[in-house]
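Trainee: I would be grateful for a close look at a single part of this protein, the place where two of its helices meet. Please explain it step by step and then relate it to the rest of the chain.

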Amino acid sequence: MHPVIQTVFSQGKRQGMSLHGKFASMKTLHERLKFARKQAGYDSAKTAAEAMGMTVSTYTHHENGTRTPTADVLGAYARRYRVTTDWLVTGRSHNMSDAG
């Protein structure tokens, strides 16, 4: 099981919540982006933006939902955070990518 899924599963079990329930609570791309960032070990949007070589302003707009990232940027997020673009955009796929 991928570490992000394992973490959510473990947290959910401790709280008496199903895995599906935890993922279902993240209804938007920006909520999933923030979750994936934290699970990947970036404590702040600033550190994630710097690691990805983008401005903090652009990254925080994506994470706050005030701008939608392009397809290329979504792909970069998915690779960096080891999730699928499908999951970032729709929340429907729990399968994590093997991208590194």
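Mentor: Let us begin with the residues on both sides of the meeting place. Helix α3 contributes H30, L33, K34 and R37, and these meet Y59, H62, E63 and N64 of α5. Sorted by chemical character, the residues of this contact comprise two nonpolar, three polar and three charged ones. Please keep in mind throughout that the model is a predicted one.

The geometry comes next. The axes of α3 and α5 lie 6 Å apart, and the two helices pack at an angle of about 120°. The label for this arrangement follows from the angle: α3 is oblique to α5, because 120° lies outside the 65 to 115 range for roughly perpendicular helices and is not over 145, where roughly antiparallel begins.

Within this contact, one pair deserves particular attention. R37 and E63 form a salt bridge through their side chains, with 2.7 Å from N to O. The partners come from distant parts of the chain: R37 belongs to helix α3, residues 29-39, while E63 belongs to helix α5, residues 56-64, and 26 residues separate the two. Side chains of opposite charge can pair when their charged atoms come close. Both R37 and E63 are buried. For E63 the label rests on a relative accessible area of 7%, so this residue falls under the 20% limit for buried residues.

We may now look at E63 in more detail. Apart from residues up to four places away in sequence, E63 touches H30, L33, K34, R37 and A45. The C-alpha atoms of E63 and H30 are 4.6 Å apart, although their positions lie 33 residues apart along the chain. The link between the side chains of E63 and R37 also appears as a polar contact, at 2.7 Å.

On the other side of the contact, helix α3 has several buried residues, namely L29, R32, L33, F35, A36 and R37. L33 and R37 also take part in the meeting with α5. Just after α3 comes G41, whose phi is positive, near 100°.

R37 also leads us to a further helix. A48, which is placed in helix α4, is in contact with R37, Y42, Y59 and Y81 once its neighbours within four places in sequence are left aside. R37 from α3 and Y59 from α5, which take part in the meeting of those helices, are thus both in contact with A48. A48 itself is buried, because its relative accessible area is 1%, under the 20% limit. Between A48 and T60, twelve residues apart in sequence, the C-alpha distance is 9.8 Å.

A second salt bridge offers a useful contrast in setting. The count of salt bridges in the model is two, and the other one joins the side chains of E50 and K46, at 3.4 Å from N to O. E50 and K46 are both in helix α4, residues 45-52, and because they are four residues apart, about one helical turn separates them. As for exposure, E50 has a relative accessible area of 48%, so it counts as partly exposed. K46 is likewise partly exposed, at 47% relative accessibility. The pair of R37 and E63, by contrast, is buried.

Another feature lies further along the chain, in the loop between α6 and α7. T84 is placed in this loop, where α6 covers residues 71-81 and α7 covers residues 85-90. T84 is buried, with a relative accessible area of 16%. A polar atom of the T84 side chain lies 3.0 Å from the backbone nitrogen of W87. R82 is found in the loop between α6 and α7 as well. R82 has a positive phi, near 55°, and is not a glycine. With a relative accessible area of 33%, R82 is partly exposed.

Finally, we may set the helix contact within the whole chain. The protein chain has seven helices and zero strands, and the order along the sequence reads α-α-α-α-α-α-α. The chain has 100 residues, of which 36% count as buried. Of the contacts between residues at least 6 apart in sequence, 42% join residues at least 24 apart. The salt bridge between R37 and E63, 26 residues apart, is a link of distant parts of the chain.

Conventions. Residues are numbered from 1 along each chain as its sequence is written. This is a predicted model: local features need pLDDT of at least 70, side-chain atom pairs count only at pLDDT 80 or more; totals for chains, interfaces and linings use all residues. Side-chain values use heavy atoms; hydrogens and water are left out. Buried means under 20% relative accessible area, exposed over 50%, partly exposed in between (1.4 Å probe, protein chains only). A polar contact is a pair of N or O atoms within 3.5 Å; within protein, one must be able to donate a hydrogen and the other to accept it, and residues adjacent in sequence count only if both atoms are side-chain atoms. A salt bridge is a side-chain nitrogen of Lys or Arg within 4 Å of a carboxyl oxygen of Asp or Glu. Axes are lines fitted to C-alpha atoms, for helices over the stretch in contact, and angles run from 0 to 180 degrees between N-to-C directions. Angles under 35 degrees count as roughly parallel, over 145 as roughly antiparallel, 65 to 115 as roughly perpendicular and the rest as oblique. Contact means heavy atoms within 4.5 Å. Ala, Val, Leu, Ile, Met, Phe, Trp, Tyr, Cys and Pro count as nonpolar, Asp, Glu, Lys and Arg as charged, and the others, Gly among them, as polar.
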